[in-house]
Amino acid sequence: MGLSSPSQGVWFPHWAEVLARVRLKDLERRAYRSAIMEYLSFCKRSRQRATVDSARKFMEQVEARHRLGVSQLASWKAALNWFFRTAKSSPANPGMVHTSQRGTPCVWDKEPPLAATDLGGPEWEQKLIRELRTRHYEWRTEQAYRMWARRFAEWLEKRRGATVLSAGEMELRDFLSDLATQQRVAVATQRQALNAVVFLVREALGRSLADFSDFTRGRAVKRVPVVLSRGECQRLLGALDGTTRLMAELMYGSGVRLMELLRLRVKDVDVERRQLMVRAGKGGKDRVTVLPDALVERLLAHCERLRSLHAQDQQADAPGVWLPEGLDRKFPQAGKAWEWQWFFPSRQQMKDPRTGLLRRHHVLDATFQHAIRQATLRAGLNKRVTPHVLRHSFATHLLEGGTDIRTVQDLLGHKDVATTQIYTHVMQKPGLGVKSPLDNL
């Protein structure tokens, strides 16, 4: 199926978008989509990775339990072959670096495409995209809403033989209930699906919906964030080195989100004023957060290395870094300017699959996440540590040190102080500093 080893796993979450652009007949495309969805559901139920081995087990199970005709079996096998072959050769895996047929690394889906080249496929998707962009929704919100709209369309076609254009309140209720009862999704996942499909039907398609709330809801589970102690933070950071350590220390020292860290530009790091400017953070909002004094010298040394790298790119007449579409049209040469360079650029240039330009992108999120996972193992920590845990630790340690919760709210960029209050539940001495009765024996 196109991989060097049958046990080699693939990561291809945007296969549906790629499949929608493949030149196939509608009937064949639907058969491919159905087969791949069944296979991925099989992997999820059996807790297996998407590998050639698991695909073979899936087909054996299908042949044993389902009465499929020869042509349908052949179609399912062709669908899985396409899935693995495309997953290997196509740069459709977000957060991953891929090598094209000519050996050039590619980056995909980290920034929004040119709006005019991504207008959707079916009529309902085109209307959804038009309404989302009219209301200036963020690119990641558009991605999420389009994903849920496709899942809703596929569910309708599979379960009801209907289309999105004919969907009503009953279909919405059944779809949302199915997410909770059959797929057992989290409450937040079901809420996101609710927002997406209601926006699709009511706002994009212009159909009136009653205020319905009688669908089965997912079970609400109160979670507390994973937080490292100060000693654990030191062990984790000590297990890193070079630029990766600087990134982790800056994330812990300023409390930024992962993508806010990766998307920092040179102009956003104000060493003189000890400020870090977060541009277009969650909700499209800008904010200012602290820049640790302990990192000043290393940040200045990092800037000098960036100047050298920038000079090399200029001598090679490399195209500038990626800029938002409107800004790129207004200032076509701004991408080459020093102040617009990524503060944490990738080591090698990557091919932009939309423009074909070989440009320098920022460090990919999957690269940094992998580095944190490996450092966690080296540090011997017994917690599940992701980059976001550094942000949790930043907030908790500030509150433990006596910082006002409103100040922490502003630094984190939370819209509601109730979101910040969750960190009071994981403080080392919550409440009035209650002492365990065991300590008094």
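Which residues of helix H9 (residues 230-238) are buried? Keep that one in mind while you get your bearings; we will reach the helix shortly. The model you have open is a predicted one.

**Getting oriented**

Start with the whole chain in cartoon view. You are looking at 17 helices and 7 strands. The protein has 441 residues, and 45% of them count as buried. Now think about how the chain folds back on itself: among contacts between residues at least 6 apart in sequence, 62% join residues at least 24 apart.

**Stop 1: helix H9**

Select residues 230-238, which make up H9, and show the side chains. The buried residues here are Glu232, Cys233, Leu236 and Leu237, which answers the opening question. Turn the view until you look down the axis of H9: these buried residues fall within an arc of 130 degrees, so they line one face of the helix.

What lies over them? Add helix H10 (242-254), helix H14 (365-379) and helix H15 (387-400) to your selection; these helices are included in what covers the buried residues of H9.

**Stop 2: the sheet S3-S4-S5**

Next, select strand S3 (residues 269-270) and strand S4 (residues 275-278). S3 and S4 pair in the antiparallel sense, over 2 bridges. To find the register, look for Val269, which stands opposite Leu276 in S4.

Now bring in strand S5 (residues 287-290), which pairs with S4 over 4 bridges, also in the antiparallel sense. Leu276 is a handy landmark on this side too, standing opposite Thr289 in S5. Together the 3 strands form an open sheet in the order S3-S4-S5. S3 and S5 are its edge strands, each pairing on one side only. As a reminder for reading any such picture, strands of a sheet pair through backbone hydrogen bonds, either parallel or antiparallel.

**Stop 3: two residues with positive phi**

Stay with the hairpin for a moment. S3 and S4 have 4 residues between them, and Arg274 sits in the turn. Arg274 has a positive phi of about 60 degrees although it is not a glycine. That deserves a look, because most residues other than glycine have a negative phi. Is Arg274 buried, partly exposed or exposed? Arg274 is partly exposed, with a relative accessible area of 35%.

For the other example, jump to His136, in the loop between helix H5 (123-134) and H6. His136 also is not a glycine and has a positive phi of about 60 degrees. Switch on the surface and you will find His136 exposed, with a relative accessible area of 68%.

**Stop 4: Leu200, inside the protein**

Select helix H8 (residues 187-204) and pick out Leu200. Leu200 is buried, with a relative accessible area of 0%. Which residues does Leu200 touch, leaving aside those up to four places away in sequence? Show Trp124, Leu128, Ala149, Phe152, Val164 and Leu205, and you have them. You can also draw a distance from Leu200 to Ile129: the two are 71 residues apart in sequence, yet 9.4 Å apart in space, C-alpha to C-alpha.

**Stop 5: the second largest pocket**

The second largest pocket has a volume of about 1600 Å³. To centre your view on this pocket, select Leu40, Ser41, Lys44, Arg151 and Gln183, the closest to its centre of the 37 residues that line it.

Then colour the helices that contribute to the lining. Helix H1 (15-21), helix H2 (26-46), helix H6 (139-159) and helix H7 (169-181) each supply at least two residues. Which helix gives the largest share of the lining? The answer is H6, with 10 residues. If you colour the pocket lining by residue type, expect 19 nonpolar, 7 polar and 11 charged residues.

**Stop 6: the cavity**

Finish with the enclosed space. How many cavities of 30 Å³ or more does the structure hold? There is 1, and about 80 Å³ of space lies in it. To see its lining, select Leu306, Leu309, His310, Asp313, Val321, Gln341, Trp342, Pro345 and Arg360. By type, the cavity lining divides into 5 nonpolar, 2 polar and 2 charged residues.

Conventions. Residues numbered from 1 in each chain as written. Predicted model: local features only at pLDDT ≥ 70, side-chain atom pairs only at ≥ 80, totals over all residues. Heavy atoms only, no water. 1 Å grid on protein atoms, 1.4 Å probe; cavity = no way out; pocket = protein on both sides within 12 Å on 5 of 7 lines; lining within 4 Å. Points joined across faces, edges and corners; volume = space filled by probe spheres on them. Nonpolar A, V, L, I, M, F, W, Y, C, P; charged D, E, K, R; others polar. Buried < 20%, exposed > 50% of the residue type's maximum accessible area, 1.4 Å probe, protein only. Arc of directions from axis to C-beta. Contact = heavy atoms within 4.5 Å. Pairing = 2+ DSSP bridges.
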